[in-house]
Structure formats: structure tokens, C-alpha cells
Amino acid sequence: MQSKNLFNTQELSSRLAQHVVNSTQSSTWSENLLSENIFDASEINKFSEKELALEQRTLLITQFRTMNVEQLLSAMQQHGLPWRIDMDTDYSVAAVAY
């Protein structure tokens with residue numbers, strides 16, 4: 001029997017990145033982009049708030065996609081993003097049988 005993934009890490013990474021962007025202020029985005037040496041201050045000052053949000057979201061998605069499942073779930077808990085597991089039929093039957 002082939003092992004199945006319970007989590008779509010790409011989807012979780014995107015959802016978590018969007019949640020973090022939505023729950024933080026744009027000044028935090030600027031600081032984060034500066035501290036990661038993505039842009040310098042003069043470049044950041046030229047961005048609109050929408051552009052900053054897109055840059056921050058892209059950075060976060062990239063960071064979250066490099067995490068393993070345990071790290072990603074820990075980050076979700078740290079940032080207060082609720083999650084659930086959708087069990088397919090095979091897992092549901094196994095759980096009921098147990």
C-alpha cells in the first residue's frame with residue numbers, strides 16, 4: 001500500500017502566507033524585506049502598499065514551502081491559523097475499524 005500525504009504543503013504554505021500578511025501591518029512587511037536583504041530602503045519606499053503585500057507574501061510562501069510538515073504545522077499554530085485534516089475514505093475506514 002502506497003503512503004499518502006495528509007497535507008497539501010503548497011496549499012498550506014499559501015494560506016499561511018496570506019494569513020500572516022493579512023494579520024500584520026505594512027511596516028512589518030517593510031522591516032522584514034529589509035532584514036532579509038530583499039530590497040534596500042529606497043526601493044521599499046517606492047512600493048505601494050499592495051506591492052509590499054505581494055512581495056511579503058511571495059517571501060513567506062518561499063520560506064514556508066521549504067519547511068517540512070511538522071515545521072509548517074508549528075508555524076501555522078504560532079501564527080494562529082486554524083487547520084483541519086480532510087481524511088479520505090481509506091483513512092476514515094481505518095479510523096472506524098480501529
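Where is the place of Leu72? Leu72 sits in helix H5, and we'll come back to it after a quick tour.

Some housekeeping, everyone. This is a predicted model, where local features need pLDDT of at least 70 and side-chain atom pairs count only at pLDDT 80 or more, while totals for chains, interfaces and linings use all residues. Residues are numbered from 1 along each chain as its sequence is written, and side-chain values use heavy atoms, with hydrogens and water left out.

As for confidence, pLDDT is the predictor's own score for each residue, from 0 to 100. The protein chain averages 84, and 77% of the residues score at least 70. Among the elements, H4 has the highest mean pLDDT, 95, and helix H6, residues 89–97, has the lowest, 56.

Now the overall layout. The protein chain has six helices and zero strands. By helices and strands I mean DSSP runs, numbered from the N terminus: H or I with at least four residues for a helix, E with at least two for a strand. Read from the N terminus, the order is α-α-α-α-α-α. Of the 98 residues in the protein chain, 26% are buried. Buried here is under 20% relative accessible area, exposed is over 50%, and partly exposed is in between, with a 1.4 Å probe and protein chains only. The protein chain exposes about 7,100 Å², and carbon and sulfur atoms supply 50% of that. Those areas come from the Shrake-Rupley method with a 1.4 Å probe; for residues, only the protein chains shown count as cover.

One more number for the contact-map fans. If we take contacts between residues at least 6 apart in sequence, 67% of them join residues at least 24 apart. A contact is heavy atoms within 4.5 Å.

Let's start with helix H1, residues 9–22. H1 has 14 residues and reaches 20 Å from its first C-alpha to its last, close to the 20 Å expected at 1.5 Å a residue. That expected span is 1.5 Å times one less than the number of residues. At the start of H1, a side-chain oxygen of Asn8 comes to within 3.2 Å of the backbone nitrogen of Gln10. The buried residues of H1 include Leu12, Leu16 and Val20, and its buried residues pack against helix H2 (26–35), helix H4 (49–65) and helix H5 (69–78).

Ser14 is also in H1. Which way does it go, buried or exposed? Ser14 counts as buried because its relative accessible area is 19%. Beyond its neighbours within four places in sequence, Ser14 is in contact with Arg57, Ile61 and Arg65.

Next up is H4. This helix has 17 residues and reaches 24 Å from first C-alpha to last, close to the 24 Å expected at 1.5 Å a residue. Its buried residues include Leu52, Gln56, Leu60 and Phe64. The cover over the buried residues of H4 includes H1, H2, helix H3 (41–46) and H5. Lys50 lies in H4 too, but Lys50 is exposed, at 66% relative accessible area.

So what does the core look like? The largest nonpolar core has 20 residues, and those with the most contacts inside it are Leu16, Leu33, Leu60, Phe64, Leu72 and Met76. H1, H2, H4 and H5 each supply at least two of its residues, and H4 gives the most, with six. A nonpolar core is a set of buried Ala, Val, Leu, Ile, Met, Phe, Trp, Tyr and Cys residues joined through side-chain atoms within 4.5 Å. In soluble globular proteins, nonpolar side chains tend to be buried together.

Two of those core residues deserve a closer look. Leaving aside neighbours within four places in sequence, Phe64 is in contact with Ser13, Leu16, Ala17, Val20, Leu72 and Ala75. And here is Leu72 again, buried at 1% relative accessibility. With the same neighbours-within-four exclusion, Leu72 is in contact with Thr9, Leu12, Ser13, Leu16, Phe64 and Met67. Leu72 and Thr9 are 63 residues apart along the chain, and their C-alpha atoms are separated by 7.8 Å.

Over in H2 we find Ser30, which is buried at 16% relative accessibility. Ser30 touches Ile44 and Leu52, not counting residues up to four places away in sequence.

Last stop: Asn37, in the loop between H2 and H3. Its phi is near 60°, a positive value in a residue other than glycine. Most residues other than glycine have a negative phi. Asn37 is exposed, with a relative accessible area of 68%.

Thanks, everyone!

How values were computed. A polar contact is a pair of N or O atoms within 3.5 Å; within protein, one must be able to donate a hydrogen and the other to accept it, and residues adjacent in sequence count only if both atoms are side-chain atoms.
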